[in-house]
Amino acid sequence: MAKLAISISGGGALGIGPLQFMCRLESDLGKKLTDQSVAFAGTSTGAIIAACLAEGMSAHDIFNLYKNNLKKIFTKYPWYKRIEPKCPTYDNSTLKDLLKKNLDGNIMNWKKPIFIPTTAMNGKSREKVWDLGDPKVEKWFAVLTSAAAPRYFDVIDRDGISYCDGGMWANDPVSCLQSGLKNMCFNKKYKILTFATCMMTPNTSRGNKTALGWGEYILEDWVATTGNANFFEARANVGYNNIFRASPEHPTKIKMDKTDDKTINHIIEVWDKYYDSVRDQVVKFVKE
């Protein structure tokens, strides 16, 4: 029987959506997803979810952790700091404390493979994946670097290297999961349940743009959303029937830092209705 691996893309506060889906799935399975899974991957907000799953938490526990802390995580710096050109919008101290509290120990303490993309802004490589090959790195640090979204949170500095959001190059970490397991010579048959946190939304921007306009277009419409390239590659490698991509459609983009109750409840509702539409398929996929 093929074992389950889980991949979750980035998307800020939109991470509450995949968690609602996971809660429904756990209820139907009668088991925690972490107990069903052999490996995890996550970028940015997906890194938080993947790390908590690897820690042994249920989807319901992670959902409550998210919902109770989203507004605190997106706490703005005081206005007098934000007038500085390089100051990000949000203070990451609440997220840092939350990760330290819930992710104890170093990467080596995780008993199952996990892959967390980040971006090394200087050093030998810009593309970095934290995994079991980084045994002495703290769990919270790996996740915090992956979630350091440009313009939203501070970059994370350590040992002369600055780290920012892994979504700069791997917002959908499904290929990192697939290739990471291959590099580990993982000898079990597995299938992947992957979550496109930002959902499928239309790209309506057209025509030429200014340099600033192109920068915003690339960051908001491509880097911050989940494209199909990594999914197509992973599917070709592990088999068409061995990947289930959870990705509801939504007519408009929802900003990743919108944490008002109306928006959060809407995201939950979208993913709830989507689960209803694919329930039989996904339960069968996980069980078989």
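This briefing describes two buried helix residues and one strand hairpin. The structure is a predicted model. The two residues are Val278 in helix α12 and Gln20 in helix α1. The hairpin is formed by strands β3 and β4.

**Val278 in helix α12**
- Helix α12 spans residues 261-287 and includes Val278.
- The relative accessible area of Val278 is 9%, and Val278 therefore counts as buried, the cut-off being under 20%.
- Beyond residues up to four places away in sequence, Val278 touches Phe21 and Phe244.
- Pro248 lies 30 residues from Val278 in sequence, with a C-alpha to C-alpha separation of 9.9 Å in space.

**Gln20 in helix α1**
- Gln20 belongs to helix α1, which covers residues 16-29.
- Gln20 has a relative accessibility of 13%; because this value is under 20%, Gln20 is classed as buried.
- When neighbours within four places in sequence are set aside, the contacts of Gln20 are Phe63, Ile268 and Asp272.

**The hairpin of β3 and β4**
- Strand β3 (residues 114-120) and strand β4 (residues 127-130) run antiparallel and are joined by four bridges.
- Thr119 has Glu127, in β4, as its bridge partner.
- Six residues lie between the two strands of this hairpin.
- Gly123 in this hairpin adopts a positive phi near 115°.

Note on methods: Residues are numbered from 1 along each chain as its sequence is written. This is a predicted model: local features need pLDDT of at least 70, side-chain atom pairs count only at pLDDT 80 or more; totals for chains, interfaces and linings use all residues. Side-chain values use heavy atoms; hydrogens and water are left out. Buried means under 20% relative accessible area, exposed over 50%, partly exposed in between (1.4 Å probe, protein chains only). Contact means heavy atoms within 4.5 Å. Two strands pair if DSSP finds at least two bridges between them.
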